[in-house]
Amino acid sequence: MIELRNVGYVHDDGTPWASRALEGVDLDVGAGERVLVTGPNGSGKSTLAWVLAGHVAPTEGRALVDGKPATDALTKTGFLLQHTRLQILAPTVLAEGERYGIDKDWFRQSLFSLGFDDSILPRKIDEMSLGQQRRVALAGLLARSCSLLVLDEPLAGLDRKSVGQLIDAVEALPKSTTVVTITHDIEASARLGSRTVSLDEGRLVNDVSTVASTDEHTDADTSTDVNGNVGGQPS
Ligand SMILES: Nc1ncnc2c1ncn2[C@@H]1O[C@H](COP(=O)(O)OP(=O)(O)OP(=O)(O)O)[C@@H](O)[C@H]1O
Ligand SMILES: [Mg+2]
């Protein structure tokens, strides 16, 4: 579903403030795959999320969703921003649902799946906690039935209960929904993906899949570094 080839991104390209965030990123993600993206602060995770979600075009290489530029796939892609407050533009929860033009019952169902009840509908966004705002934004995305979800640090700042509600809601999505989750906490995010891609200084440095082995008591890790070596061992 996602095909990145030699993707690079330079913020403020062509200006004296140009700053490179991504370089030479190759990545394939199949339909329905659940992928975690991790890496240190400033390694380019959010920039990658913006490219995947089609909100910016790469300055080098190509980013395709279902064979077309990601920038042309906005209707099928849902993007939860790292700074979630920036994407909620209406004053109340109900008005936010209406803004998307989504069916009100679908929106309510999504809110319920994220632990809310109808009392949340008239609430003012600015009187809600970060965790509540993030779950409201996610409810809007879930109700749009996107085939690709890009979630940038969805668990950051959430308490354990909110983390559980959010993960349950993502797990309940149709198996065909592709989900890419940016996270600093691989352990907490384990149920959101069995493949972890790592960035460092804008480059993809590791791609690890946790595959259930035939022995039900153990898991086997298949790790591929950027040179295609499996298990970190040169082939
Ligand atoms: N809008 C912007 N304008 C200019 N430079 C930017 C912009 N956004 C990010 N950068 C730079 O691009 C690089 C990658 O930033 P990015 O936000 O993608 O990293 P990140 O891995 O998401 O970091 P964090 O873990 O802190 O969220 C950093 O050097 C950052 O300073
Ligand atoms: Mg970020």
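A residue counts as buried under 20% relative accessible area, as exposed over 50%, and as partly exposed in between. In this predicted model, serine 46 has a relative accessible area of 22% and is therefore partly exposed.

Ser46 is also a ligand of the metal: the protein donors of the magnesium ion (ligand 2) are Ser46, through OG, and Gln82, through OE1, at 2.0 to 2.2 Å. Serine 46 belongs to helix 1 (residues 45-52), while glutamine 82 sits in the loop between strand 6 (77-80) and helix 2 (93-99), so the pair ties together parts that are 36 residues apart in sequence.

Strand 6 also contains threonine 77. Leaving aside neighbours within four places in sequence, threonine 77 is in contact with Ala53, Arg144, Cys146, Leu148 and Val150. The table gives the accessibility of threonine 77 and of the two donor residues.

| Residue | Relative accessibility | Class |
|---|---|---|
| Serine 46 | 22% | partly exposed |
| Threonine 77 | 6% | buried |
| Glutamine 82 | 32% | partly exposed |

The interior can be described by its nonpolar cores. The largest has 33 residues, and those with the most contacts inside it are Val93, Leu111, Leu138, Leu149 and Val170. Two or more residues each come from helix 3 (104-113), helix 4 (130-143), strand 7 (148-152) and helix 5 (160-171). Helix 4 gives the largest share, seven residues.

Outside its neighbours within four places in sequence, valine 170 is in contact with Arg34, Leu138, Leu151, Val179 and Leu192. Apart from this core lies another, of 29 residues, among them Met1, Val35, Val51 and Leu52.

Terms used. Residues numbered from 1 in each chain as written. Chains lettered and ligands numbered in written order. Predicted model: local features only at pLDDT ≥ 70, side-chain atom pairs only at ≥ 80, totals over all residues. Heavy atoms only, no water. Donors = N, O, S within 2.8 Å, 3.2 Å for Na, K, Ca; no water. Helix = DSSP H or I, 4+ residues; strand = E, 2+ residues; numbered from the N terminus. Buried < 20%, exposed > 50% of the residue type's maximum accessible area, 1.4 Å probe, protein only. Contact = heavy atoms within 4.5 Å. Core = buried A, V, L, I, M, F, W, Y, C linked by side-chain atoms within 4.5 Å.
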